[in-house]
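Here are my notes on this one, as numbered points. Have the viewer open while you read.

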Amino acid sequence: MATPDADDPGLLTPAETSLLTDQYELAMAASYFRRGMNEPAVFELSVRHLPPNRRWLMTAGLGPALAMIEQMRFGPGELDYLRSLRFGEPFLEFLAGHRFSGDVYAIPEGTVVFQGEPLVRVTGTLIEAQLLETLLLNQVNFQTAIATKAARIVLAIGGGTPDRNRRLLDFSARRDHGVDAAMKVARAAAIAGAGGTSNVAAARRYGLQPVGTMAHSYVMSFEREEDAFVAFLEDSPENAVLLVDTYDAITGVRRAIAAARTTGVRLKGVRIDSGDLLSLSRAARRLLDEAGMPEVAIIASGDLEEGRIAALVRADAPIDLWGVGTDLGTSRDSPAVGGVYKLVADMPVPGRWRSTFKTSPAKATMPGPKQVFRRSAGGVITGDVVALADESQDGRPLLVPVVRAGRRVESESLEQMRERAAAELDSLPAPLRSLDAKEPAEPYPVIASERLRELNERALAGEDIEMPA
């Protein structure tokens, strides 16, 4: 077994993906194996309750989760480590040949969802489906929280259709909770409508637009602000965006205009990172227009979040792009999505599905594999029905097959997810577009179908409920 490295960067190797699980998942799997309990089973990932300050969520994280499931392997190193934890040899031999071979249905990334709705449904053998719990929750919970935050910022900016959405820029990497978080924040924000990221590694991996200007330290490294601007324009003419608030923002704008004229480089934008963004952006816009530079963009940053952005938009602040860091990367006002992964059906007797459920206070679940049907009118969503998976209901079924017999059958581009997210935001009824979740409003209707309610009542009454094959 390898000696622990206190300075390890913490990145998982492909082989280690199999160990991205809570210890009790392996303990349960070992017990199932010892007792011959590896019958077909169905698990669902859902969110029981919306987190604080949220009336809806935007799904994200499915693609990375499925990619990790595809590469799950228990190699010699992982098996040696599990052997040191006293797992038995027959179970380790079983794990050595483990490959996920089941089916996955999921609501596509970039979809608006609500509490009580299954986001992912996994059907497979009991052991293989159980072993996915931690991985799926790790990927979907965090990335859904970030995509939701980013979508709220997009709404604050005035987004909806794709061409308007791209005004949000992800500036979060230096405040994100680690390397993997920084990568996944950039991806989730892009799904929700961000137009670029300061994270160059994420831009390369996901095909995003890398964005950035300069730091205040660059300006301070020169004796005069104007010298810094001239040098930057000469050395980076393709990235001619200047940070103007190191000393005085309005003076900085004047010097940016002068530097552009001196160098002959076309100024693309000025960034204001502090101060009264409303008055400063108005003054900057006036100076730029008077200089014959109406095409130069004004970029705002500095502890921005959707409430402050919405107030500036309502005041007609002439800001073209919004760089959001800490609040985006941490979803500071609502930092966690409490998704859960629960067994809803199994087949202890060959050919006979049995429904399973919890009755724990505040943690009860409804039995049986489910589907979500969404209804809309005039392009606006009006209500969802959670039904049994074999039912037919009015509306669009949200869960679609993404894995069959262990193989991906659906893989979308980031652009497809972005287009879906934009359409989803456009479809929100007016009360759900409000950014103040404390403002009184009728909750979005999510109801159980008649058959599902009947099944649940019978299960609660103590009946042993069989499911359709």
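1. Strands β12 (residues 339-349) and β13 (residues 352-355) run antiparallel and are joined by 3 bridges. Strands here are DSSP E runs of at least two residues, helices are H or I runs of at least four, and both are numbered from the N terminus; two strands pair if DSSP finds at least two bridges between them. The hairpin has 2 residues between the strands, and G351 takes a positive phi near 85° there.

2. A quick word on provenance: this is a predicted model, where local features need pLDDT of at least 70 and side-chain atom pairs count only at pLDDT 80 or more, while totals for chains, interfaces and linings use all residues. Residues are numbered from 1 along each chain as its sequence is written, and side-chain values use heavy atoms, with hydrogens and water left out.

3. β12 also pairs with β1 (residues 40-47), antiparallel, through 7 bridges. Look at A345: V42 stands opposite it, and in β13 its bridge partner is S355.

4. Now helix α13, residues 277-290. Its 14 residues should span 20 Å at 1.5 Å a residue (times one less than the number of residues), and the end C-alpha atoms are indeed 20 Å apart, which agrees. At the N-terminal end, D276 acts as the cap, with a side-chain oxygen 3.1 Å from the backbone nitrogen of L278. After the helix comes G292, with a positive phi near 75°.

5. Buried residues of α13 (under 20% relative accessible area, 1.4 Å probe, protein chains only) include L277, L280, A284 and L288. The buried residues pack against α12, β9, β10 and α14, contact being heavy atoms within 4.5 Å.

Definitions and conventions:
Buried < 20%, exposed > 50% of the residue type's maximum accessible area, 1.4 Å probe, protein only. Polar contact = N/O pair within 3.5 Å; in protein donor to acceptor, adjacent residues only side chain to side chain.
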